[in-house]
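Visitor: Could you take me through one part of this model up close? I'd like the metal site, and then whatever salt bridges are worth a look.

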Amino acid sequence: MLPLAELHMHIEGSMEAELVVALARRNGVDLPTYDAAELKRRYRFDDLQSFLDIYYANLAVLRTEEDFYDLGRAYLTRATSAGVRRAEMFFDLQTHTNNGIAAATVFCGLTAAIADARASTGISADLILCFLRDLGGDAATATLRSALPFRDQFIGVGLDSAELGYPPSLFTDAFRLAGAEGLHRVAHAGEEGGPDYVREALDLLGVDRVDHGNRAMEDADLVARLRDEQVPLTVCPLSNLALKTAPPRLGDHPLRQMLSEGLLVSINSDDPAYFGGYIDDNFSAITAALALTPVELGVLAENSFTSSFLPEAEKEAMRLEVRRAVSD
Ligand code: ADE
Ligand code: ZN
């Protein structure tokens with residue numbers, strides 16, 4: 001099994017329909033259906049917003065520290081079985097605080113899950129606090145200030161939720177503050193927004209990684225820059241299919257071109273409970289569709305560690321493990 005880092009996964013997007021139902025029952029929260037199979041049948045999306053509507057509605061079931069713990073443990077267990085050795089997990093703090101949950105409840109549940117998973121399997125994991133772009137720039141800055149008492153419990157900030165109409169330029173203050181706090185910075189860009197969103201994320205937010213970045217491929221100058229600067233792109237093939245942010249045939253996915261352009265791309269699951277699978281499922285699907293070779297799979301696995309926020313020596317050790325696994 002190839003060792004992998006997973007860098008683009010929303011922990012809330014790993015809440016399987018069965019867990020949604022179990023937590024709804026545990027907490028007495030209303031759901032449109034308590035039949036997990038029926039809930040899952042509703043997971044058919046036309047675009048990002050149609051997914052987000054269902055995703056946010058389901059998050060009302062998360063109420064207690066134990067809920068966040070169970071959510072985190074379930075993902076980390078599943079990810080370990082897929083070869084994930086390092087996970088940098090997004091979480092949507094604003095959704096939970098807007099649902100009346102204390103930030104401490106979210107942090108304590110998730111960080112306890114990370115500590116226990118590490119103790120039992122050795123997986124390394126950390127949290128990245130994502131700002132919800134549709135709640136605006138001032139809310140993002142206020143959220144970061146309110147999270148600073150928990151500064152040692154997350155390693156970076158990200159930017160997610162509805163992209164169109166909410167360009168990175170709205171979030172310069174929040175990202176400046178994050179930089180001053182020594183936090184890593186990433187942002188979703190080029191998922192539905194155009195190449196300009198990717199440029200703004202780089203130039204105005206100072207991001208270390210771009211999440212998705214697919215639409216950067218429309219702009220040759222930007223592609224050259226991403227290659228020259230080796231900007232990591234965290235690509236999510238099954239997400240792109242489910243949200244129609246890539247052509248309907250996975251064989252036409254931009255990953256092939258990204259690889260041939262020499263971009264620093266990795267494969268990730270985004271919201272595995274909604275888009276048809278975890279990181280291993282994404283690898284299986286894209287490998288079959290693009291006929292990726294063992295060498296290319298090794299490049300993608302090495303890229304995942306290179307793109308991570310692990311210390312340089314740990315990145316090198318993991319790349320060595322990948323090379324050994326490829327040559328075995
Ligand atoms: N939040 C959860 N998943 C997301 C995605 N794919 N894009 C933007 N925001 C998200
Ligand atoms: Zn995402």
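Guide: Here is the metal site, followed by the salt bridges.

First, the ground rules: this is a predicted model, where local features need pLDDT of at least 70, side-chain atom pairs count only at pLDDT 80 or more, and totals for chains, interfaces and linings use all residues. Residues are numbered from 1 along each chain as its sequence is written, chains are lettered from A and ligands numbered from 1 in the order in which they are written, and side-chain values use heavy atoms, with hydrogens and water left out.

Now the zinc ion (ligand 2). Its protein donors are His 8 (NE2), His 10 (NE2), His 188 (NE2) and Asp 270 (OD), at 2.1 to 2.2 Å. Donors here are N, O and S atoms within 2.8 Å of the metal (3.2 Å for Na, K and Ca), and because water is not among the atoms, sites may look incomplete. Along the chain, the donors are spaced H-x1-H-x177-H-x81-D. His 188 sits in strand S5 (residues 184-189) and Asp 270 in the loop between strand S8 (264-267) and H13, so this pair ties together parts 82 residues apart in sequence. (Helices, H or I of at least four residues, and strands, E of at least two, are DSSP runs numbered from the N terminus.) Both are buried: His 188 has 4% relative accessibility and Asp 270 has 2%. Buried means under 20% relative accessible area, exposed over 50%, and partly exposed in between (1.4 Å probe, protein chains only).

The angles among the four donor atoms run from 85 to 174°, and the site counts as irregular. For four donors, tetrahedral needs all angles between 85 and 135 degrees; four are square planar and six octahedral if opposite donors are over 155 degrees apart and all others between 65 and 115; anything else is irregular.

On to the salt bridges, of which the structure holds 25; each is a side-chain nitrogen of Lys or Arg within 4 Å of a carboxyl oxygen of Asp or Glu. Asp 281 pairs with Arg 78, closest N and O atoms 3.4 Å apart. That links helix H13 (residues 279-290) with helix H4 (residues 65-81), 203 residues apart. Asp 281 is partly exposed at 28%, and Arg 78 is partly exposed at 24%.

Then there's Arg 323, partly exposed at 36%. Arg 323 bridges to Glu 302 at 2.9 Å, N to O, and to Glu 316 at 3.3 Å. Shared partners join Glu 302, Glu 312, Lys 315, Glu 316, Arg 319 and Arg 323 into one network.
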